[in-house]
Amino acid sequence: MKAVTFHGKRDVRVDTVPDPRIEEPTDAIVKITSTGICGSDLHLYEVLGAFMDEGDILGHEPMGVVEEVGAEVTHIQAGDRVVIPFNISCGHCYMCDQKLFSQCETTQVREENKGAALLGYTKLYGQVPGGQAEYLRVPQAHFGPIKVPDGPPDERYVYLSDVLPTAWQAVEYADVPEGGTVAVYGLGPIGQMSARIARHRGAARVFGVDLVPERLEMASRHDIEPVDAREGDPAERLRELTEGRGPDAVIDAVGMEAHGSPVGKLAHQIAGMLPDTVTRAMMEKAGVDRLSVLHNAVDAVRRGGTISLSGVYGGMVDPMPMMDLFDKQIQLRMGQANVRRWVDDIIPLVEDESDPLGVEDLATHKLPLAQAPHAYEIFQKKQDGAIKILLQP
Ligand SMILES: NC(=O)c1ccc[n+]([C@@H]2O[C@H](COP(=O)([O-])OP(=O)(O)OC[C@H]3O[C@@H](n4cnc5c(N)ncnc54)[C@H](O)[C@@H]3O)[C@@H](O)[C@H]2O)c1
Ligand SMILES: [Zn+2]
Ligand SMILES: [Zn+2]
């Protein structure tokens with residue numbers, strides 16, 4: 001079969017690899033119909049190559065049709081349409097019983113001292129072949145796959161694999177008070193959906209901070225108030241918009257990619273790949289330190305407010321503004337999404353004809369698997385209006 005494979009920094013290819021097959025009675029094989037490229041994949045593309053081997057299959061946002069199931073998989077069968085959560089969880093251990101599916105004790109990667117294994121996500125998370133491929137072996141398939149009805153387009157369901165549960169958890173953890181205000185930093189797919197979900201769940205005002213024009217525009221289409229980070233300090237602007245106090249909650253949906261890698265100068269290398277205007281603005285206004293967004297969030301949030309991190313950070317020794325965190329009495333909550341935990345809350349919204357979360361207004365590109373190298377490139381460089389790309393094998 002064809003699969004998108006890692007070959008080094010900014011080098012992904014479409015290779016022919018052996019077809020996956022059932023290895024455990026809890027496995028399933030799924031023929032993939034749509035599969036997202038995620039901001040998390042950009043970390044691999046750019047920063048985390050040291051934790052990848054050449055030829056590793058990427059991708060953790062797949063959906064498709066079941067080909068075959070192992071003997072212990074009973075809730076789905078060949079021919080069923082399914083979405084696959086990016087967490088690999090058993091559904092019945094101590095952590096899964098508490099719905100902390102991203103910490104599953106059956107699949108925890110103990111050698112690396114990490115939580116549950118993930119599809120297509122480095123040796124840190126089990127080096128499990130990913131879902132940007134024609135076929136996927138799904139481990140723990142007696143629990144993970146979400147069966148969805150035939151009919152509606154893949155876009156209605158594919159984001160259940162990661163984007164929607166991650167955004168839902170970000171909003172849940174942000175703990176926005178009834179009628180309160182929330183600012184979302186980063187208007188990639190995760191930020192877009194976090195902002196829309198916050199709005200849907202009753203936040204009175206939702207602000208979206210980014211520095212890419214079409215991302216700010218997309219947010220505006222969904223009743224999110226744009227804050228352009230190229231135009232000055234977002235924290236200051238957010239205070240102006242909230243009677244000087246700052247928003248009740250801040251969601252950081254940027255993560256390490258804004259700032260660079262655990263190895264120094266990367267921020268500047270990334271900046272060097274963005275359009276010049278964006279780069280200059282980033283250097284002058286938004287800063288390019290690894291934690292610039294998180295520090296800005298600490299500055300912006302009101303006293304006693306909450307910061308919810310869904311952006312992924314990887315550093316070990318980054319300084320945190322402990323004095324401000326303590327003095328402002330800020331609550332900080334974060335983590336890998338526990339996908340299955342939120343799916344039942346989200347399904348009615350993606351099935352609602354009126355599309356309240358606008359899932360049909362997120363993907364800017366649907367491309368064949370063969371164009372994966374191009375897709376990674378335009379997503380990373382933010383070219384051609386790319387905001388979310390779905391590959392369709
Ligand atoms: N917690 C989880 O389970 C989970 C799941 C999926 C993704 N993620 C993480 O969420 C983050 C976002 O993912 P995505 O797919 O939306 O990726 P993305 O790369 O498209 O989004 C990041 C956004 O941040 C913006 N940005 C960069 N620097 C900024 C700055 N200084 N100020 C304001 N905005 C800035 C970028 O323009 C971009 O729109 C990534 O770190 C990803 O790894 C976490
Ligand atoms: Zn993802
Ligand atoms: Zn478990």
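Which backbone N or O atom lies 2.8 Å from an oxygen atom of ligand 1? The legends below, which describe a predicted model, begin with this contact.

**View 1. Polar contacts of ligand 1 with the protein.** The atom in question belongs to alanine 337, whose backbone N or O atom is placed 2.8 Å from an oxygen atom of ligand 1. Ligand 1 on its own exposes 860 Å², of which the protein buries 97%. The side chain of arginine 215 has an N or O atom 2.9 Å from an oxygen atom of ligand 1. At isoleucine 190, a polar backbone atom is 3.0 Å from an oxygen atom of the ligand.

**View 2. The shell of residues around ligand 1.** Ligand 1 is surrounded by 30 residues, and the closest are Ser40, His43, Asp210, Ser310 and Ala337. By residue type, the shell comprises 15 nonpolar, 11 polar and 4 charged residues. Helix H1 makes the greatest contribution to this shell, giving 3 residues.

**View 3. The zinc ion (ligand 3) and its cysteine donors.** The zinc ion (ligand 3) has four protein donors, namely the SG atoms of Cys90, Cys93, Cys96 and Cys104, at 2.3 to 2.4 Å. Along the sequence, these donor residues follow the spacing C-x2-C-x2-C-x7-C. Cysteine 90 and cysteine 96 are both buried.

**View 4. Geometry at the zinc ion (ligand 3).** The arrangement is tetrahedral because the 4 donor atoms subtend angles of 103 to 116 degrees around the zinc ion, and four donors count as tetrahedral if all angles lie between 85 and 135 degrees.

How values were computed:
Residues are numbered from 1 along each chain as its sequence is written. Chains are lettered from A and ligands numbered from 1 in the order in which they are written. This is a predicted model: local features need pLDDT of at least 70, side-chain atom pairs count only at pLDDT 80 or more; totals for chains, interfaces and linings use all residues. Side-chain values use heavy atoms; hydrogens and water are left out. Donors are N, O and S atoms within 2.8 Å of the metal (3.2 Å for Na, K and Ca); water is not among the atoms, so sites may look incomplete. Four donors count as tetrahedral if all angles lie between 85 and 135 degrees; four count as square planar and six as octahedral if opposite donors are over 155 degrees apart and all others between 65 and 115; anything else is irregular. Buried means under 20% relative accessible area, exposed over 50%, partly exposed in between (1.4 Å probe, protein chains only). A residue is near a molecule or strand if one of its heavy atoms lies within 4 Å of it. A polar contact is a pair of N or O atoms within 3.5 Å; within protein, one must be able to donate a hydrogen and the other to accept it, and residues adjacent in sequence count only if both atoms are side-chain atoms. Accessible areas come from the Shrake-Rupley method with a 1.4 Å probe; for residues, only the protein chains shown count as cover. Helices (H or I, at least four residues) and strands (E, at least two) are DSSP runs, numbered from the N terminus. Ala, Val, Leu, Ile, Met, Phe, Trp, Tyr, Cys and Pro count as nonpolar, Asp, Glu, Lys and Arg as charged, and the others, Gly among them, as polar.
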